[in-house]
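Grab a pencil and have the structure open beside you. We'll work through a few exercises together, one step at a time.

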Amino acid sequence: MARSVRIVSVNVNGIRAAVRKGMIEWLDASGADILALQEVRATADQLAEALPGWQIVNDEALQKGRAGVAIVSRLPGVETRTHLGPEPLDASGRWIETDFDIDGETLTVVSAYVHSGEVDTPKQEAKWLFLDAMEARLAELAATQPLAVVMGDLNVGHRELDIKNWRGNRKNAGFLPRERAYFDRFFGPAGEQVEGADGSTGPGLGWVDVGRRHAGEVDGPYTWWSMRGKAFDNDSGWRIDYHVVTPALAERVTDYRVDRAPSYDTRWSDHSPVIADYTLGL
């Protein structure tokens, strides 16, 4: 029997800090069935203590207190994977995927935390390696998992609509033409040659950006704002948190929203949750 499943993604900026600031109250009222969390910065035991009563799978970062991803749900997962690509790729704490059986349908859920990067540094090189591996994995998932959603803080604003101050960020990590070109291919027509923002070409993978499809050709809606200055109050943000879904799953979306906090002082993270409802179990 078909039912609505609410799936949420959010960079919590440290799960223990988020809980202290009010995340549990938000979570209890959210109606979430499955959550993809990024920048958890906690062990499995600390996660279980912070989120009692939930089914939790996680992948910790190689460096203690850094990164970390998790999938938290009311439903037990069937299988979980954390391997993304070959060494020297550091995917620890940045990629986790779980298959769920939703009334006879297999849904693959991914929580991804792409490196922030920094131009002309090893941090950017790590980001390129991760994006290469992510592109390869998206191609595999598209070929094998008809119902899949890749969510998370992907640390790239795809288009000018996705960053308030895009002109001032054209040479900065997060809005580099080469970074944006990956997303051109992610969302380009499957199998067709796609020209990227940097002039490169490559095959489109056919995935769907649920947030952009739902919002249309408008600025934002943004999902991250700097904690400095008046960025949140002025809505001077970036849309870098995504629901990236297969075409078949895109047809199951019934609602999508960015759950922006009502005021600066009520935030429990510098990111807002992105929420989508999907019809599953057909």
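Before starting, one cut-off: a residue counts as buried under 20% relative accessible area, as exposed over 50%, and as partly exposed in between. Keep in mind that this is a predicted model.

**Exercise 1. Work out whether Asp235 is buried, exposed or partly exposed, and say what its phi looks like.**

Step 1. Find Asp235 in the loop between helix 6 and strand 12.

Step 2. Its relative accessible area is 30%, so Asp235 is partly exposed.

Step 3. Now the backbone. Most residues other than glycine have a negative phi, and most peptide bonds are trans. Asp235 has a phi near 55°, a positive value in a residue other than glycine.

Step 4. Try Asp103 too, in the loop between strand 6 (95–102) and strand 7 (105–113). Asp103 isn't a glycine either, yet its phi is positive, at about 50°. With a relative accessible area of 43%, Asp103 is partly exposed.

Step 5. Go back to the loop between helix 6 (210–215) and strand 12 (241–245), where you'll find Pro221. The peptide bond leading from Gly220 to Pro221 is cis, with omega near -5°.

**Exercise 2. Describe the sheet with strand order 3-4-2-1-14-13, starting from its edges.**

Step 1. Six strands make up this open sheet, and the pairing is mixed.

Step 2. Strand 3 (55–59) and strand 13 (253–258) are the edges: each has a single partner strand, so one side of each has no neighbour in the sheet. From one strand to the next, the twist averages 15°.

Step 3. Next, the directions. Strands of a sheet pair through backbone hydrogen bonds, either parallel or antiparallel. Here's how three of the pairs turn out:

- Strand 1 (residues 3–11) and strand 14 run antiparallel, joined by seven bridges; Arg6 stands opposite Asp277 in strand 14.
- Strand 1 and strand 2 (residues 34–38) are parallel, with five bridges; Asn11 has Gln38 of strand 2 as its bridge partner.
- Strand 2 and strand 4 (residues 69–73) run antiparallel, with five bridges; Leu35 stands opposite Val72 in strand 4.

**Exercise 3. Which residues of helix 2 are buried, and where do they sit around the helix axis?**

Step 1. In helix 2 (residues 23–30), the buried residues are Met23, Trp26, Leu27 and Ser30.

Step 2. Look down the axis: the buried residues of helix 2 fall within an arc of 100°, so they line one face of the helix.

Step 3. Turn to the other side of helix 2, and you meet the exposed Glu25, Asp28 and Ala29.

Step 4. See what the buried residues of helix 2 pack against: strand 1, helix 1 (15–20), strand 2 and strand 14. The helix lies across strand 1, strand 2 and strand 14, at about 150° to strand 2.

Step 5. Just after helix 2 comes Gly31, with a positive phi of about 75°.

**Exercise 4. Check the span of helix 4, then place the helix on its sheet.**

Step 1. Helix 4 (residues 122–144) has 23 residues, and at 1.5 Å a residue it should span 33 Å. Its end C-alpha atoms are 33 Å apart, which agrees.

Step 2. Helix 4 lies across strand 5, strand 6, strand 7 and strand 8, running at about 20° to strand 6.

Step 3. Those strands belong to an open sheet of six, ordered 5-6-7-8-12-11, with mixed pairing. Strand 5 and strand 11 (208–209) are its edges, each with a single partner strand, so one side of each lacks a neighbour in the sheet.

Step 4. Strand 5 and strand 6 run antiparallel and share three bridges; Thr80 has Thr98 of strand 6 as its bridge partner.

Step 5. Among the buried residues of helix 4 are Trp128, Phe130, Leu131 and Leu138. The buried residues of helix 4 pack against strand 5 (79–81), strand 6, strand 7, strand 8 (148–153) and helix 5 (177–187).

**Exercise 5. Which residues touch the most other members of the largest nonpolar core?**

Step 1. That core has 29 residues, and the answer is Leu107 and Tyr278.

Step 2. Strand 14 (residues 274–280) gives the core its largest share, four residues.

Step 3. Leaving out residues up to four places away in sequence, the contacts of Leu107 include Ile7, Ile34, Phe100, Leu147 and Leu280.

Step 4. Apart from this core lies another, of 27 residues, including Leu84, Leu89, Ala148 and Leu205.

Conventions. Residues numbered from 1 in each chain as written. Predicted model: local features only at pLDDT ≥ 70, side-chain atom pairs only at ≥ 80, totals over all residues. Heavy atoms only, no water. Core = buried A, V, L, I, M, F, W, Y, C linked by side-chain atoms within 4.5 Å. Buried < 20%, exposed > 50% of the residue type's maximum accessible area, 1.4 Å probe, protein only. Helix = DSSP H or I, 4+ residues; strand = E, 2+ residues; numbered from the N terminus. Contact = heavy atoms within 4.5 Å. Pairing = 2+ DSSP bridges. Expected span 1.5 Å × (residues − 1). Axes fitted to C-alpha atoms, helices over the stretch in contact; angles between N-to-C directions. Arc of directions from axis to C-beta.
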